[in-house]
Amino acid sequence: MANKVKNDYIDIDSVRLRKMSDGQIIKRLFIYVKPFIKQLIFAIIMVLLLVGLDILAPLLFAEVINQLSADQINEQTFTNIIIIVGIYFLTMIVSAILSYKQTMLLQKTGQKIIFKIREDTFNHIETLSTAQFNKVPVGKLVTRVTSDTNTLNSLYTDVIVNLFRNSLTIVAVFFTMLFLDIELTAYICIVVPFVFIASFVFRKYARLVYRRIRYHISGINAFLSEHLSGMRIIQIFNRETFKLNQFKQKNNDLYKSNYFQTFINAIYRPLMYFLYAIALVLVLWIGGKKAMVGALEIGILFAFTDYIRRFFNPIEDLAEQFDVLQSSFISGERIFEILDTLPEIVNAPDAIELTEVKGEIEFRNVWFAYLGEDWILKDVSFIVKSKQTMAFVGATGSGKTTIMSLIVRNYDIQKGEILVDGINIKKIKIESLRSKVGQMLQDVFLFSGTVESNIRMGNDSLVESDIIEAAKYVNADRFIERLPEKYQELVRERGNNFSAGERQLLSFARTVLRKPSIMILDEATANIDTETEELIQESLKKMMNIGTMIIVAHRLSTIQHVNNIAVMQKGKIVEIGNHQHLLKLKGLYYNLYQLQYDKATRKEVKEINI
Amino acid sequence: MIFGKHINHFYWKYALSFLLGIVALAIVDYLQLIIPDIIGGIIDGVETNTLTDEILLEFVFRVLLLAVAIVIGRFLWRIFIFGVSRKIDRDLRNDLFAHSEKLSERYYQENKTGGLMAYFTNDLEAVRQSFAIGTIMVFDVLFLGGLAFYKMFLLDWGLTLIATIPLIMISLFAAFIGRITRKKFKARQQAFENMSDFTQENFYGIGVIKAFVNEVKEIRSFKVINADNYDKNVAFIKAATMMHVAIEVFITLIRIIIIGIGGYLVYKTVGLADGDPNRFSVGQLATYISYFATMVWPMMAIGRLINLRSQAKASMDRLGAFLDQEVEIVDGEDTIKVTHVEGNIVFNNLSFSYPGSRDEVLKNINFSIKKGETVGIIGRTGSGKTTLVDLLLRLYNLKENQILVDGNDIMKLPIKTIREAIGYVPQDNFIFSDSVKNNIAFAKDEVSFNQIVDMAEKSDVAENIDQFPEKYETIVGERGVTLSGGQKQRISIARALLKDPEILIMDDSFSAVDTKTEESILSSIKELRKDRTTIIIAHRISTIKDADKIALIEDGAIVASGTHDELMKQSPLYNDMVLRQQLEEAIEGGVTDGE
């Protein structure tokens, strides 16, 4: 495939400079939230109610304390307590139900949102062209679909909910305290500014150290990834100690940042506790004095000690949401980046479907480059008539495989035209074009499943006999029948448990099953045992009768049966004709023939019948 | 907290920090539980009208002092225990890397980098958390929970006993639901793995999928997997939420019991005198409620602790397995103490198959190289050339006396000595993401800049480097300038040459380089390598034509050896190769070094 393009490997994650602002990401994410806005509002209402019920508990306690501190304690007191206990019990039940329902609603909604984002991401990636796939490591694409969507989920379910709950709690608690005793609340408010200042400063440092940590982590990961792959070289050059020291240094840098983060937290949390303690002290002092003179009910005093805790905790929580928020945004940006990448090969608006395909292929003055003007094909022209076979030969890099890729529009050409049955392929619907062309690529990729599923390739309208027939046609049945599970034999690790020859036969089988009018074969160069080699050659002969065939050939035996041979050198067709004709030319083909195809015989060329 | 062979020593190493942290935690917990006493005292004081400004001031002041002490204590245990966990994280990561350096070629063939990375990231983090928050939770549960419970018991044992009933129920319930939650968790993880596997296979095989126009089918298949993930996630969340809510209900129940029965007790004993031990005052009730409030966090922590522990254990098992991975290539006990290698090599009836395979890659190789000789090894792809040098580099273990270096069995020589004596230019030209300078100077600690430039010139790459943006400081590789194949190769050569080794091995080092450049480099090498052994593996006859000795390898065996002229006369296979390559040259017009 496009080996040249692989050099443009973009490590898009190592230097993650945020291009999208927080606001932009939120806007994009909101589009996914919109369909569920009703559920979210409902969940928020439930959170509101829960917060309200939460606030109730200290009041109930307070009332009990009040009752028991009254001057007159009698049976009425006890009845009151029973009533309060009853109310508390009820609120417990209601809270539990609300809490469960609210969490489930929110989480389920979050999951539905992820489902949609995942679906969109996967579906979109499927539409990208092969060239676009080659630019990014598969692993990174997979992360987009799997982990990044997960991280986004925590944005909805954890961060946003906590944001609401915490903010609501702070407001609710504040107003409750105000309602209960304005003076005490005023004193508590003295402490509040300090809380905000501390949280603000903390957030600044937290952000700083977070960035530093992420920087070091990705540095270490890049180091590890590279050095684990290159461990061989490190060992051969005896540089284990040297590299270990390098690693230790990077590791130590990470440790220092981590330690700094620990340090910041070690100051922040206790500091917040101290501010809470000050508020407590104020409440006890002022409140105590008021209670002494009866200006404040004891129960309320007690309730305040509870409320200040409920006031301070959410503020601390809010300040610490930062980490989760950041990684969610990063994940969001990664996903949107992919979604925004337009597929390079698209159908023209007036593209047509192919119906009956005769299978005539023509290249007219085709120029093609993967990058810029680095021409791989230079003014290539040829015609393969219906049901004819054409083989392409030439040195590596001469452009043979590229021609195969272009026929099925894996890439678009820069100049010239490619025509199937006289129609420019750019005017044909891609799906229609590809469904009529059977592609047998050099490195046969098999999917996890069985031999049968790999021949069937998802076509459920076929029955088992169809599969077996196809296998028999291409001589694949022989080795399949020898397998322990025959057609149900498991395919593992992309087919590594089968030999190169066997994989070639399987690719033949799955291709002929679709009854293609045009076939493209990029012959395997790997060593194939003689027996399988014979089977392959036999089935090739048969397949040539099915339709038009274009082969990138490496074998003498293959070439000898084709109708026409095109010899390529550095992107141009330099000789074209049939085998005998080309030999007579005593040109490039003649030399190539001697060079590569005479290996088996090692005879001099003049001994071959011309 | 978890224990294991590879981490127990950390508890010893950082014992002081751990101890100090735990002591600080204990003190903080103890002091924390005094505050409820004071609040209760104030409430009682107000209720009985015995509170004065002075007493109140004293109470309040005491709270302030406690707060200060608690703040200091909290800071300290955070620094000690979380700080130590970071140290352990660093140490363990170092251990992992150090061990990875010892593992053999065979291990790296079988285990891909991607999987190994997980050890350094996810698994390490899980273990670290158990040292950090895990330790805190264990001791908080013990101290805070235990002390609070004890004080509650002292205050009123009857009430405490009754309150314990829901407590026990929580534990039983948690254990029960916990099992279910774990199962659902595993199911969720499995669904996620399935999705990853499917997606990965799909993207790897996208060429075939597009060829068969199966995109729509794949999208449908993905939908099923996506939906499965939804289901498994929701199932897990259901179980986890159920657990969470149930625990909250139980806790609230305990609170209800406290105010109910506690309130009743206050009501009942209201008539008793202040000092009467049977009296349960309203202040005491307040104190009791506060004690319980401090117990809530430790109780919730238990559930989290269990989860954390099982995750950490699983991760530690994986890390342990990695660290226990046998070091295969290591000096034996009977290693001969050799520090210098001359460069005489004898392949003595060498036969070799890769570990785990029965195919013989090398068959009865008999070949010797004298010190100072330049030897060419030529053969087709897969004939066994690279394997031969891999063995010389001790990347695999051999049977006795199959390779002799300076007369000694290579298996008995110190690995470091052998590798130190060999300069290697690998086939894949692996370059690090580092500056050109550091790449060339890779083999040595101290190297002068002139030496680097000198080697670059000898490898015919100095001109190219001078055109790079930062010249020798230019970062190359993943994070920098992308080098062409030829440039990488020549830098690789410079790297090996700089080492000035007794034995130089060049594995297919000229494949991306045109014949002219090849000639120039080869003549530099000839000069540099006078009286030193050089082994050149090549495809092109032109590369090794002038070697002192050439070995032709086919299918793992040496089929012919001798000088170029001798081989031309004696070996038809060799002749054939020469002819073919001459033709190749004519056809391709020479390979140009792509830039």
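Which residue forms a salt bridge with Asp412(A)? Arg409(A) does, and we will meet this pair in the second view. Welcome to a predicted model, in which local features need pLDDT of at least 70, side-chain atom pairs count only at pLDDT 80 or more, and totals for chains, interfaces and linings use all residues. Residues are numbered from 1 along each chain as its sequence is written, chains are lettered from A and ligands numbered from 1 in the order in which they are written, and side-chain values use heavy atoms, with hydrogens and water left out.

**View 1. Lys290(A) meets two acidic partners, Asp181(A) and Glu183(A).** A salt bridge here is a side-chain nitrogen of Lys or Arg within 4 Å of a carboxyl oxygen of Asp or Glu. Lys290(A) pairs with Asp181(A) at 2.9 Å, N to O. This pair links distant parts of the chain, 109 residues apart: Lys290(A) sits in helix α9 (residues 240-292) of chain A, and Asp181(A) in the loop between α6 (147-180) and α7 (182-229) of chain A. Helices are DSSP runs (H or I, at least four residues), numbered from the N terminus. The second salt bridge, from Lys290(A) to Glu183(A), spans 3.0 Å, N to O. Glu183(A) lies in helix α7 of chain A and Lys290(A) in helix α9 of chain A, so this pair ties together parts that are 107 residues apart in sequence. Buried means under 20% relative accessible area, exposed over 50%, and partly exposed in between (1.4 Å probe, protein chains only). Lys290(A) is buried, at 15%, and Asp181(A) is buried too, at 7%, while Glu183(A) is partly exposed, at 37%.

**View 2. Asp412(A) and Arg409(A) form a salt bridge.** The closest N and O atoms of the two are 2.8 Å apart. Arg409(A) is buried, with a relative accessible area of 3%, whereas Asp412(A) is partly exposed, at 26%. Over all chains, the structure holds 37 salt bridges.

**View 3. Three charged residues of chain A share a network.** Salt bridges link Arg144(A), Asp148(A) and Arg334(A).

**View 4. A patch of positive charge on the surface draws on chains A and B.** Its members are Lys101(A), Lys108(A), Lys112(A), Lys183(B), Lys184(B) and Lys238(B). Patches are made of residues with over 30% relative accessible area and no salt bridge, with like charges joined within 9 Å. Two elements each give two or more residues: α3 (75-127) of chain A and α8 (157-204) of chain B. Helix α3(A) provides the largest share, three residues. Lys183(B) is found in helix α8 of chain B and is exposed, at 64% relative accessibility.

**View 5. Asn233(B) touches residues of chains A and B.** This residue has its place in helix α10 (residues 215-268) of chain B. Asn233(B) is buried, with a relative accessible area of 8%. Leaving aside residues up to four places away in sequence, Asn233(B) touches Gln111(A) and Arg188(B), where contact means heavy atoms within 4.5 Å.

**View 6. A patch of negative charge gathers on the surface of chain A.** Asp529(A), Glu531(A), Glu534(A) and Glu538(A) make up this patch. Glu534(A) is found in helix α18 (residues 530-543) of chain A and is exposed, with a relative accessible area of 56%.

Key: Patch = residues over 30% accessible without salt bridge, like charges linked within 9 Å, V, L, I, M, F, W, Y side chains within 5 Å. Areas by Shrake-Rupley, 256 points an atom, 1.4 Å probe, with all protein chains shown as cover. Lys, Arg positive; Asp, Glu negative; His and termini not counted. Charge placed at Lys NZ, Arg CZ, Asp CG, Glu CD.
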